[in-house]
Amino acid sequence: MFDTLQDRLAATFKGLRGKGRLTDADIDATARQIRIALLEADVNLGVVKDFVAAVKQRCRGEELSKALNPTQQIIKIVNEELVEILGGQTRTVRFAKNPPTVIMLAGLQGAGKTTLAGKLARWFKDEGHSPLLAACDLQRPNAVTQLQVVGERAGVHVFAPEPGNGVGDPIQVARDSVEEARHKLYDVLIIDTAGRLGVDAELMQQAADIKAATDPSETLFVVDAMIGQDAVNTAVAFQEGVGFDGVVLTKLDGDARGGAALSIARVVGKPIMFASSGEGLKDFDVFHPDRMASRILD
Ligand code: GDP
């Protein structure tokens with residue numbers, strides 16, 4: 001992902017190399033090329049406009065005229081503005097004062113929530129925590145079993161409704177899982193919730209009810225980076241319908257253009273906190289805006 005964007009931006013800066021001073025025409029041409037590169041990468045139009053305006057404004061200011069190497073300075077400006085778009089500082093998990101710290105996962109079906117639940121659980125475990133997974137996706141047949149498989153792989157216990165108890169009420173299961181974590185001294189509770197193929201009112205209500213019942217420290221919106229602008233639209237819908245604190249991008253190992261996913265943090269004003277890039281438990285990391293920006297401008 002992001003290969004085309006990388007190539008385009010590299011070509012833009014290459015064209016500037018060797019120029020001692022940059023004229024306004026050079027700056028305008030560069031801004032235009034950056035705009036095209038971002039739009040071709042599928043970055044959201046509003047985000048592109050703001051980004052290019054910010055870069056242009058800084059390039060016209062003192063920063064550039066005083067720079068010994070103006071081209072390096074432009075790259076630095078673009079890098080800093082990219083970091084801003086991606087959320088600025090790395091955002092770490094906020095832990096609850098009284099355990100368990102509840103982390104709720106929400107998103108569309110197929111976004112990668114269940115897979116992510118396992119990865120997150122494993123990550124917390126490696127960080128020295130004692131996580132518990134809660135199976136609150138009672139919509140999809142096999143979702144509970146899938147989480148149990150994931151939990152086993154991660155070496156983390158899964159709290160699930162008793163088999164044979166009917167379909168079950170996901171909100172009650174969520175409540176019970178908080179009690180379970182409290183009694184058995186798990187300090188982190190990760191709640192997997194149901195998704196639908198598209199955004200719908202019932203899904204939103206269920207997620208909102210689980211959120212209200214468990215008061216999560218972090219509600220994470222999990223989104224497939226391969227789905228293009230729908231990622232942005234879905235994020236906006238979940239932000240309105242459920243509300244979330246951070247974003248998790250999944251399937252960054254895919255070959256889609258990926259720019260839409262990079263726009264989410266700016267459009268909804270919430271940071272990208274984690275990124276998933278494969279089906280294995282270890283294909284997962286904390287999202288660092290500065291590292292992603294450097295990777296894109298490498
Ligand atoms: P859920 O419906 O949101 O719980 O999504 P799942 O966790 O079941 O994931 C849907 C599909 O995407 C599964 O086939 C996963 O193996 C796959 N998947 C999840 N995360 C990633 C990822 O980061 N990269 C790739 N390539 N596949 C993923």
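Okay, so look at D28 and R60: their side chains meet in a salt bridge, 2.7 Å from N to O. D28 sits in helix α2, residues 24-40, and R60 sits in helix α3, so this pair ties together parts that are 32 residues apart in sequence. As for how open they are, D28 is partly exposed, with a relative accessible area of 24%, and R60 is partly exposed too, at 43%. Bear in mind that this is a predicted model.

Why would two such side chains get together at all? Well, side chains of opposite charge can pair when their charged atoms come close.

How many salt bridges does the structure hold? There are 20. Let me show you another one, between the side chains of R94 and E218, at 3.3 Å from N to O. R94 is in the loop between α5 and β1 (101-106), while E218 belongs to strand β5, residues 218-224, so here the parts being tied together are 124 residues apart in sequence. Is E218 buried or exposed? It's buried, with a relative accessible area of 1%. Its partner R94 is partly exposed, at 41%.

Next up is D137. You'll find D137 in the loop between β2 (131-136) and α7 (143-154). D137 counts as buried because its relative accessible area is 4%, and the cut-off for buried is under 20%. D137 forms a salt bridge with R140, and the closest N and O atoms are 3.6 Å apart. R140, at 28% relative accessibility, is partly exposed. The D137 side chain also reaches the backbone nitrogen of Q139, at 3.1 Å. And if we skip the neighbours within four places in sequence, what does D137 touch? It's in contact with A143, V144, D192, T193, A194 and G195.

Now, on to helix packing. Two packed helices are described by the angle between their axes and the distance between the axes. Our pair is helix α3, residues 45-60, and helix α5, residues 70-85: their axes come within 10 Å and cross at roughly 145°. That crossing is right-handed. On the α3 side, the contact is made by V47, F51, A54, V55, R58 and C59. From α5 come I74, I77, V78, E80, E81, L82 and I85. Sort those by class and you get ten nonpolar residues, no polar ones and three charged ones.

One last thing, back on salt bridges. After D137 and R140 with their 3.6 Å pair, have a look at R58, E63, K76, E80 and E81: salt bridges that share partners join them into one network.

Note on methods:
Residues are numbered from 1 along each chain as its sequence is written. This is a predicted model: local features need pLDDT of at least 70, side-chain atom pairs count only at pLDDT 80 or more; totals for chains, interfaces and linings use all residues. Side-chain values use heavy atoms; hydrogens and water are left out. Axes are lines fitted to C-alpha atoms, for helices over the stretch in contact, and angles run from 0 to 180 degrees between N-to-C directions. Helices (H or I, at least four residues) and strands (E, at least two) are DSSP runs, numbered from the N terminus. A crossing is left-handed if the near helix is turned anticlockwise from the far one by less than a right angle, and right-handed if clockwise. Contact means heavy atoms within 4.5 Å. Ala, Val, Leu, Ile, Met, Phe, Trp, Tyr, Cys and Pro count as nonpolar, Asp, Glu, Lys and Arg as charged, and the others, Gly among them, as polar. Buried means under 20% relative accessible area, exposed over 50%, partly exposed in between (1.4 Å probe, protein chains only). A polar contact is a pair of N or O atoms within 3.5 Å; within protein, one must be able to donate a hydrogen and the other to accept it, and residues adjacent in sequence count only if both atoms are side-chain atoms. A salt bridge is a side-chain nitrogen of Lys or Arg within 4 Å of a carboxyl oxygen of Asp or Glu.
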